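Work through the exercises below with the model open. Try each task before reading its solution.

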Amino acid sequence: LSDSHSSCALLEISPIFDCMESSLMGNRVDNKKFTWVIKNFSTLQSEKIYSDKFVISGCKWRLLAFPKGDQVKCLSLYLEVADFKSLPSGWRRNVEFTITLVKQFCEKFSLAKVTQHWLDHKVPDWGFKSMIPLTTLHDKDGGFLVNDELKIVAEVDVLEVIGKLDVPGESEEETQPVKKIKQNDDGAVSSDLLKEIPGDLVDVNGFQVLPSQVGFARRIFEKHPETASECRTKNQDLRTSYMNVLISVIKMLFKGPEEHSKDDLSDAEAALAYMTHVGFKLDWLEKQLEEVKERMKKCARVCEIEKQLHDLEHKCKDLKAQLNKEKAEILEATAPDLFFIDVV
């Protein structure tokens, strides 16, 4: 199985744009997010388990988990193309996804990892061989296993599809950003078609962007028309790179607070400083970054208070049990087991 070593993101904030937003298992699909709740996790005997299949952007997916690790002492989690063996020859899918282990008593400190990869018949799955050490996962105070239930959330962004969609009847809005490439009669993709892929860009305010980025780019210039008014370079490759960086920062900032880390925010700050240096006006985004930092501090404080409260409640429970025990011992010691005449 494939293993990605992408960095973690730790730490939901309101978006800038209103429009940006098995018998042992429970599953739920919400837009581009799939939630998988695995019950009785610690008693599972199978080497590997699968979630139910789910559809995002016209493609069928499922999650694959190794509860005891995929040859490592860590929980291993992967995203797999469902029914990949039955897909026609030549299929490929470019996908960016986030897998989050939810810290259930304090979701703001959940563990999330992000990666992007091309999947095909040789590599039908991708993910994280070492998602989290088993000792950390099973720690009774860790918060990942509560009532022996493990909650996993996968957020899937399909960037490009070569071949047919699994569910072509899905809503047009959902599948519009996905590039659909024609196939030859034998199901294979010709080399001529592959050469055309890099040129399949759309102009938005003088910036060449991917079809999947058109909505983001248009909303940026509609709400903040001055954003690139002083961008000095005319080189389209550089302009495309700048827009990729800008959109990536926006996507990162508008994830939930549990999906951010200090490193993420430092990287975003450095990226914005560079973009400003080359002529972008991003005071609106810098303001949002400062708000995210402040929220992150508040979230950390709330989580610390929640943890302290959890510890105190646990301690109170233990003290109450000890008090009741000692009261019972006193009552038992002073009970009139003997009659007066037996003593005198």
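The exercises cover confidence, helix packing, backbone angles and residue environments.

**Exercise 1. Confidence**

Task: Find the mean pLDDT of this predicted model, and say which stretches fall below 50.

Solution.
- Step 1. The model is predicted. Its mean pLDDT is 79, and 76% of the residues reach 70 or more.
- Step 2. Residues 4-25 have pLDDT below 50. This stretch still has 88 contacts in the model beyond near neighbours in sequence.
- Step 3. Residues 171-199 are also below 50. Here the model has 46 contacts beyond near neighbours in sequence.
- Step 4. Where pLDDT is low, predicted coordinates should not be read in detail.

**Exercise 2. Helix 5 against helix 7**

Task: Decide whether helix 5 and helix 7 are roughly parallel or roughly perpendicular, and state which residues make the contact.

Solution.
- Step 1. Locate the helices. Helix 5 spans residues 236-253, and helix 7 spans residues 283-333.
- Step 2. Take the geometry. The axes come within 11 Å and cross at roughly 30°.
- Step 3. Apply the cut-off. Angles under 35 degrees count as roughly parallel. Helix 5 and helix 7 are therefore roughly parallel to each other.
- Step 4. Assign the hand. Helix 5 passes helix 7 in a left-handed crossing.
- Step 5. List the residues. Helix 5 contributes Leu246, Val249, Ile250 and Leu253. Helix 7 contributes Trp284, Leu285, Leu289 and Val292.
- Step 6. Sort by class. The contact of helix 5 with helix 7 has eight nonpolar, no polar and no charged residues.

**Exercise 3. Helix 4 against helix 5**

Task: Give the crossing angle of helix 4 and helix 5, and break the contact down by residue class.

Solution.
- Step 1. Helix 4 covers residues 214-223. Its axis and that of helix 5 come within 11 Å and cross at roughly 85°.
- Step 2. The range 65 to 115 counts as roughly perpendicular. Helix 4 is therefore roughly perpendicular to helix 5.
- Step 3. Phe216, Ala217, Ile220 and Phe221 of helix 4 make the contact with Met243, Leu246, Ile247, Ile250 and Lys251 of helix 5.
- Step 4. By class, the contact of helix 4 with helix 5 has eight nonpolar, no polar and one charged residues.

**Exercise 4. Helix 5 against helix 6**

Task: Describe how helix 5 and helix 6 pack, and name the residues that meet.

Solution.
- Step 1. Helix 6 runs over residues 262-277. It packs with helix 5 at an angle of about 145°, and the axes are 10 Å apart.
- Step 2. The crossing of helix 5 past helix 6 is left-handed.
- Step 3. On helix 5, the residues are Tyr242, Val245, Leu246, Val249, Met252 and Leu253. They meet Asp264, Leu265, Ala268, Ala271, Leu272, Tyr274 and Met275 of helix 6.
- Step 4. The contact of helix 5 with helix 6 divides into twelve nonpolar, no polar and one charged residues.

**Exercise 5. Positive phi**

Task: Place Asp83 and Asn205 in the chain, and classify each as buried, partly exposed or exposed.

Solution.
- Step 1. Asp83 is not a glycine, yet its phi is positive, about 55°. Asp83 sits in the loop between strand 7 (74-81) and strand 8 (92-101).
- Step 2. Asp83 has 33% relative accessibility, so it counts as partly exposed.
- Step 3. Asn205 is also a residue other than glycine, with a positive phi near 55°. Its loop joins strand 14 (202-204) and strand 15 (207-209).
- Step 4. Asn205 reaches 53% relative accessibility, so it counts as exposed.

**Exercise 6. Strand residues**

Task: For Val156 and Asn94, find the accessibility and the contacts that lie more than four places away in sequence. Then find the C-alpha separation of Lys33 and Asp157.

Solution.
- Step 1. Val156 is in strand 12 (residues 149-162). At 1% relative accessible area, Val156 is buried.
- Step 2. Val156 contacts Lys32, Phe54, Ile56, Trp61, Leu79, Val95, Glu96 and Phe97. Its C-alpha atom lies 10.0 Å from that of Val114, 42 residues apart along the chain.
- Step 3. Asn94 belongs to strand 8. Asn94 is buried, at 9%.
- Step 4. Asn94 touches Gln116, His117, Trp118, Asp157, Val158, Leu159 and Glu160.
- Step 5. Lys33 lies in strand 3 (residues 33-38) and is partly exposed at 27%. Lys33 and Asp157 are 124 residues apart along the chain, with C-alpha atoms separated by 9.2 Å.

Definitions and conventions. Residues are numbered from 1 along each chain as its sequence is written. This is a predicted model: local features need pLDDT of at least 70, side-chain atom pairs count only at pLDDT 80 or more; totals for chains, interfaces and linings use all residues. Side-chain values use heavy atoms; hydrogens and water are left out. Axes are lines fitted to C-alpha atoms, for helices over the stretch in contact, and angles run from 0 to 180 degrees between N-to-C directions. Helices (H or I, at least four residues) and strands (E, at least two) are DSSP runs, numbered from the N terminus. Angles under 35 degrees count as roughly parallel, over 145 as roughly antiparallel, 65 to 115 as roughly perpendicular and the rest as oblique. A crossing is left-handed if the near helix is turned anticlockwise from the far one by less than a right angle, and right-handed if clockwise. Contact means heavy atoms within 4.5 Å. Ala, Val, Leu, Ile, Met, Phe, Trp, Tyr, Cys and Pro count as nonpolar, Asp, Glu, Lys and Arg as charged, and the others, Gly among them, as polar. pLDDT is the predictor's confidence in each residue, from 0 to 100. Buried means under 20% relative accessible area, exposed over 50%, partly exposed in between (1.4 Å probe, protein chains only).
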